[in-house]
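Please walk through this structure with an eye to how its helices pack and where empty space is left between them.

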Amino acid sequence: MSLFLAKLTLTPLIMYLTSAAGRRWGPGVSGWLTGLPLLAGPVSVFVCIEQGPDFARQAAGSTLLGMWSSCAFCLAYHAFAHRGWVAAAVAAVVAFAAATALLNPVLLPPWAGLVGVACLAWACLRVIPAPDSPVAMNRPPRWDMPVRLAIAAGFVVVQTGIAGWLGPQLSGLVTPFPIIVILLTAFAHHQLGQPAATRVLRGFLIGMYAFAAFFWLVAVGMEPLGPALAYPVALAAWATIIMAASAL
């Protein structure tokens, strides 16, 4: 029961903080935050507790491949953004699902998944240029935040609940499904226009580097270090990358 309550409270808190950051500093910042393992990290910990360290280790390696699907998500949204936020969101989800289906039978070592994420995120940032026009900050409707929090909490509860049924490979592939990103992108697109959605996507792609480092270290460190050390080491690497990026 305590673990279930943690899922219901931690996830909405993360969603609230990223949304609040977007309202305070702009959609690019909220997108950058969602590119960090703020949601997928806790999912991995919950899976480790419920399914065991070996399951979490294998799933972490697959999560790196799942981030390839996240890049497909970003490209699809960008390609269909001119058709409106609904068409773009549907295209992005379809692209993620199609990429996940293609990657499901693929088994690669964690280092290959890490290199792939770095290369694909870099390529996506070249394909999706930063918008020139500034983003006007409008006051969102009252229902905006509660809907975001409810969807994010429900996603984590369902995802961790079916992890054992999916197995470590498919569970890891769907872990980086950008549920918060699609919410932030679609809401920004609907309320602030296409440039705001583009800023969210680019922020998400930039944050992927720290996201990938976190899961690579979980994948390679779980067996020799155990979960009690693997997750803190991964978190320290994530923090190091964040500080280095902030100094640039």
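A crossing of two helices is called right-handed if the near helix is turned clockwise from the far one by less than a right angle, and left-handed if the turn is anticlockwise. With that term in hand, the reader can turn to the model, which is a predicted one.

Two packed helices are described by the angle between their axes and the distance between the axes. Helix H4, residues 53-80, packs with helix H5, residues 85-103, at an angle of about 150 degrees, and their axes lie 7 Å apart. Angles over 145 degrees count as roughly antiparallel, and H4 and H5 are therefore roughly antiparallel to each other. The crossing of these two helices, H4 and H5, is right-handed. On the H4 side the contact includes Leu65, Gly66, Trp68, Phe73 and Phe80, while on the H5 side Trp85, Val93, Phe96, Thr100 and Leu103 are among the residues that take part. Sorted by class, the residues of this contact between H4 and H5 comprise 18 nonpolar and four polar ones, with no charged residue.

Helix H10, residues 194-225, can be followed next through its packing with helix H3, residues 40-51, where the axes come within 11 Å and cross at roughly 20 degrees. Angles under 35 degrees count as roughly parallel, so H3 and H10 are roughly parallel to each other. H3 passes H10 in a crossing that is right-handed. Here Ala40, Gly41, Ser44 and Cys48 of H3 meet Phe211, Phe214, Phe215, Val218 and Met222 of H10, and the residues of this contact divide into seven nonpolar and two polar, with none charged.

H10 also packs with helix H6, residues 110-127, and in this pair the axes come within 10 Å and cross at roughly 175 degrees. H6 and H10 are therefore roughly antiparallel to each other. From H6 the contact draws on residues including Pro110, Trp111, Leu114 and Trp122, which meet a set in H10 that includes Arg202, Leu205, Tyr209, Trp216 and Ala219. The contact of H6 with H10 counts 18 nonpolar residues, no polar residue and one charged residue.

The spaces left among the atoms complete the picture. Rolling a probe the size of a water molecule over the atoms shows where empty space is left. How many cavities of 30 Å³ or more does the structure hold? There are two cavities of that volume or more, and the second largest has a volume of about 60 Å³. Its lining includes Ala40, Ser44 and Phe215, together with others such as Val47, Ala56, Thr63 and Thr175; the elements that give two or more residues to this lining are H3 and H4. By class, the lining of the second largest cavity holds seven nonpolar and four polar residues, and no charged one.

Among the pockets, the second largest has a volume of about 180 Å³. Residues lining this pocket include Arg57, Gln58, Leu65, Val106, Pro110, Gln169 and Ala219, and H4 gives the largest share of the lining, with five residues. The lining of this second largest pocket has six nonpolar residues, four polar residues and one charged residue.

Note on methods. Residues numbered from 1 in each chain as written. Predicted model: local features only at pLDDT ≥ 70, side-chain atom pairs only at ≥ 80, totals over all residues. Heavy atoms only, no water. Axes fitted to C-alpha atoms, helices over the stretch in contact; angles between N-to-C directions. Helix = DSSP H or I, 4+ residues; strand = E, 2+ residues; numbered from the N terminus. Parallel < 35°, antiparallel > 145°, perpendicular 65-115°, else oblique. Contact = heavy atoms within 4.5 Å. Nonpolar A, V, L, I, M, F, W, Y, C, P; charged D, E, K, R; others polar. 1 Å grid on protein atoms, 1.4 Å probe; cavity = no way out; pocket = protein on both sides within 12 Å on 5 of 7 lines; lining within 4 Å. Points joined across faces, edges and corners; volume = space filled by probe spheres on them.
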